[in-house]
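Hi everyone, thanks for coming. Let's have a look at a model together and talk about its charged pairs, and then about a serine.

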Amino acid sequence: MEGTTPNLPGILVNGTVQDQNRYKPICQLFNIFYRFATLYDTINRIPVFSAYTFTGPPTGPRPNQRWMIEPQLEDKHYTRDMMVAGRRLRVEHQATNADYKVKIKGMHLDRGHLFPCSYADDDTMRSTFTLTNAVPQERGFNQGR
């Protein structure tokens, strides 16, 4: 907010990531533009937070977008542009679609957006469909009001 990062003791202090092997700052790149920023926990495979600029309500309907991953979290030499996971890339440091197919204590889990797709327009809306921007959310909370 206003050019400053939150202070999260043990995680992020005065803009410095405390454990750089575990927590990775990501500038979310999609179709050659940076869309938003995320601090990602590669051990628990879940975002700590996503930060974005609200650009207003969407100009079109919710996209039919497949969920993507961040290749840069698997190897720093890979592309920085998010992509749909494929068989060529082994994914160990971030959540995958398979993580959301598991029931926990009878609950069905959805991918809950931290940066909601309904807070963006056009390609930025599509860029929110990265698993580094999602947290497990009980289906009834995610699909209802």
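**Charged pairs and one serine**

Okay, let's start with a glutamate: Glu92 is partly exposed, and its relative accessible area is 39%. One thing to keep in mind as we go is that this is a predicted model.

So what does Glu92 pair up with? Its side chain meets that of Arg90 in a salt bridge, at 2.4 Å from N to O. Arg90 itself is exposed, with a relative accessible area of 66%. If you're new to this, the general idea is that side chains of opposite charge can pair when their charged atoms come close.

How many salt bridges does the structure hold? There are 6. I'll take you through a couple of others.

Next up is Arg139, which forms a salt bridge with Asp110, and here the closest N and O atoms are 3.1 Å apart. Where do these two sit? Arg139 is in helix α2, residues 139-142, while Asp110 is in strand β8, residues 109-113, so this pair ties together parts that are 29 residues apart in sequence. Is Asp110 buried or exposed? Asp110 is buried, because its relative accessible area is 10% and buried means under 20%. Its partner Arg139 is partly exposed, at 32%.

Now over to helix α1, which covers residues 122-127. In that helix, Asp123 and Arg126 are 3 residues apart, so about one helical turn separates them. These two form a salt bridge as well, with 3.0 Å between the closest N and O atoms. Asp123 counts as partly exposed at 25% relative accessibility, and Arg126 is partly exposed too, with a relative accessible area of 29%. There's a third member here: salt bridges with shared partners join Arg35, Asp123 and Arg126 into one network.

Okay, let's leave the charges and go to the serine. Ser50 is found in strand β5, which spans residues 46-51. With a relative accessibility of 14%, Ser50 counts as buried.

Which side chains does Ser50 reach with polar contacts? One contact, of 2.9 Å, joins the side chain of Ser50 to that of Thr38. Another, of 3.0 Å, links the side chains of Ser50 and Asn133. And if we skip residues up to four places away in sequence, Ser50 touches Phe36, Ala37, Thr38, Leu114, Phe115, Thr132 and Asn133.

That's my tour, so go ahead and find these residues on the screen.

Terms used:
Residues are numbered from 1 along each chain as its sequence is written. This is a predicted model: local features need pLDDT of at least 70, side-chain atom pairs count only at pLDDT 80 or more; totals for chains, interfaces and linings use all residues. Side-chain values use heavy atoms; hydrogens and water are left out. A salt bridge is a side-chain nitrogen of Lys or Arg within 4 Å of a carboxyl oxygen of Asp or Glu. Buried means under 20% relative accessible area, exposed over 50%, partly exposed in between (1.4 Å probe, protein chains only). Helices (H or I, at least four residues) and strands (E, at least two) are DSSP runs, numbered from the N terminus. A polar contact is a pair of N or O atoms within 3.5 Å; within protein, one must be able to donate a hydrogen and the other to accept it, and residues adjacent in sequence count only if both atoms are side-chain atoms. Contact means heavy atoms within 4.5 Å.
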